[in-house]
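Hello,

Here is the structure I promised to pass on to you. Please have a look at it first, and then read my notes below.

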Amino acid sequence: MLPSQLLVARARKGFLTPVYSSFDDLELYVASRLVEVFEKSRGFRREHLESEVKKVEDLAFRLGLDYRFARGLAHLLYRRTRFNKPRAAVDPLKARLEVFREVNEKFGGFVVDDEERSEVLNSVASRLGVSVAELLEAFTALYEEYQIVESFERIEPEELLKHYNLSLAQTLLFKALDLTVEVEISGSEMKTLLFNVKRLGLMYLAEKIPGGVRLYIDGPASIVKQTERYGTRLAKLLPYVMCAEKWSVKARVKRREFIYKFYLDSRLSRLFPKFRLELEEYDSKLEKVFHRRFTTLGSGWKVYRELEPLVAGRHVFIPDFVFEKGGVRVYFEIMGFWTREYLERKLEKLKSLKDEVKMIIAVNKELACSSDIGSLPFEVVLFKGKLPAVEVYRKLKKFEVGEAKKTASGKEALPEDVSKYLASLDRSPLVEVLKKLEEYGISEDKALRILEEYGFRIKWSSLDPSKVYVERG
């Protein structure tokens with residue numbers, strides 16, 4: 001991204017569009033001059049580099065280009081440059097402390113003429129065992145302009161212009177209220193893209209469309225907290241979207257109290273750099289620690305992680321974990337950035353996946369983009385730092401199959417999955433039936449009682465358990 005003051009965009013008929021580089025000769029010439037300046041500044045002070053960059057910026061302006069164009073290119077090149085403090089005969093911080101201490105002790109905090117200044121420098125230099133010139137070099141080494149250009153990662157001028165175009169789009173989307181992204185993409189690539197959206201912690205909803213996926217993403221301008229942090233995460237997503245063969249981005253952008261439309265699609269792919277669709281790295285320590293702690297609780301719940309995307313109808317959802325016990329499945333989502341409105345919208349979408357979705361959502365208070373979570377109609381675990389496994393288990397207990405409830409006929413009420421299994425059962429070895437019911441969280445004693453209540457008989461034709469059968473009566 002670029003600083004907002006370097007964004008060059010035009011508003012027309014309700015649309016706001018960045019002024020992209022078209023790679024004409026003049027733009028390529030300025031880009032080439034800037035790359036050359038950075039290359040030739042290795043070993044020089046930063047103040048020298050900045051002076052040379054300023055000359056090119058002035059030249060670009062005289063040639064009729066927007067001053068923000070050259071300054072934006074320079075901004076990108078500075079990010080490819082590594083600076084180091086100049087070498088000094090004594091630690092720069094120590095040199096400063098000693099000089100200030102000397103001034104305080106001898107002259108009450110400030111010097112009034114060159115004679116007093118010289119006296120301070122000579123005294124400190126003698127005490128530190130260096131020359132006055134070496135002391136002055138160490139004293140000024142902390143100034144940014146005295147940093148040394150150590151290295152520069154070269155880039156071709158045309159490629160620099162492509163990165164500039166990408167940065168323009170990213171900077172404009174920093175003011176987006178919301179985005180709608182559509183990509184035509186293979187199944188494996190869609191999985192990678194969705195994982196990246198999730199790993200970036202973006203507030204999103206996903207729908208499957210013919211040949212790909214549609215994403216609804218809350219923009220940085222829709223939140224009142226964490227705006228810069230969230231906007232930086234969103235900027236990282238755009239290159240991944242551009243990896244698709246066919247893609248489009250629509251957004252509502254707020255600028256100077258007006259709301260504009262923004263549109264960009266793959267027909268302009270030539271203006272942007274090429275990227276590879278790879279998994280975004282993220283620190284999964286939170287999930288790993290939670291998984292380890294939960295599995296040692298002895299809760300009876302099986303927990304699965306790193307799941308395939310859940311697709312039902314148009315909707316796509318990637319849970320962090322799924323808990324299973326007694327035929328009950330509970331999804332577990334660890335939220336990144338969030339607002340109350342986003343949580344409510346997400347819940348409504350999840351409810352439409354099927355008749356009923358059981359879910360627990362863990363909300364990180366450190367990534368809150370609003371202060372009010374209210375009374376949301378689903379189980380929420382608030383946390384900061386570590387995710388409390390015990391608190392999640394307490395929430396899960398609400399979903400456990402409790403003491404036997406009776407149907408109108410007096411039989412024990414069963415979970416739907418257990419009822420379907422029994423309805424499909426005709427004749428099967430007892431050991432297999434007991435094993436299957438155990439998977440639903442039903443103990444052996446309880447399983448035998450249920451089988452009897454639901455009209456099954458156990459045929460004990462042998463003492464060998466494998467030859468004992470359950471038959472419908």
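On the surface of this predicted model, Leu93, Leu97 and Leu142 make up a nonpolar patch, and together they have about 270 Å² of accessible area. You will find leucine 142 in the loop that runs between helix H6 (132-140) and strand S4 (148-152). Its relative accessibility is 36%, so leucine 142 counts as partly exposed; buried would mean under 20%, and exposed over 50%.

Now to the inside. In soluble globular proteins, nonpolar side chains tend to be buried together. Here, the largest nonpolar core has 88 residues. Val183, Leu215, Ile217, Leu237 and Phe262 are the ones with the most contacts inside it. Helix H7 (residues 157-173) gives this core its largest share, 8 residues. Another core, of 19 residues, lies apart from it, and Phe290, Trp301, Val330 and Phe399 are among its members.

If you would like one residue to start from, try leucine 237: leaving aside residues up to four places away in sequence, it touches Leu193, Val197, Leu200, Leu202 and Ile217.

And for the chain as a whole: there are 15 helices and 19 strands, and of its 473 residues, 46% count as buried. Among contacts with a separation of 6 or more, 68% are between residues 24 or more positions apart. The accessible surface of the chain is about 25700 Å², with 48% of that belonging to carbon and sulfur atoms.

Enjoy exploring!

Best wishes

How values were computed: Residues are numbered from 1 along each chain as its sequence is written. This is a predicted model: local features need pLDDT of at least 70, side-chain atom pairs count only at pLDDT 80 or more; totals for chains, interfaces and linings use all residues. Side-chain values use heavy atoms; hydrogens and water are left out. Patches are made of residues with over 30% relative accessible area and no salt bridge: like charges are joined within 9 Å, nonpolar side chains (Val, Leu, Ile, Met, Phe, Trp, Tyr) within 5 Å. Accessible areas come from the Shrake-Rupley method with a 1.4 Å probe; for residues, only the protein chains shown count as cover. A salt bridge is a side-chain nitrogen of Lys or Arg within 4 Å of a carboxyl oxygen of Asp or Glu. Helices (H or I, at least four residues) and strands (E, at least two) are DSSP runs, numbered from the N terminus. Buried means under 20% relative accessible area, exposed over 50%, partly exposed in between (1.4 Å probe, protein chains only). A nonpolar core is a set of buried Ala, Val, Leu, Ile, Met, Phe, Trp, Tyr and Cys residues joined through side-chain atoms within 4.5 Å. Contact means heavy atoms within 4.5 Å.
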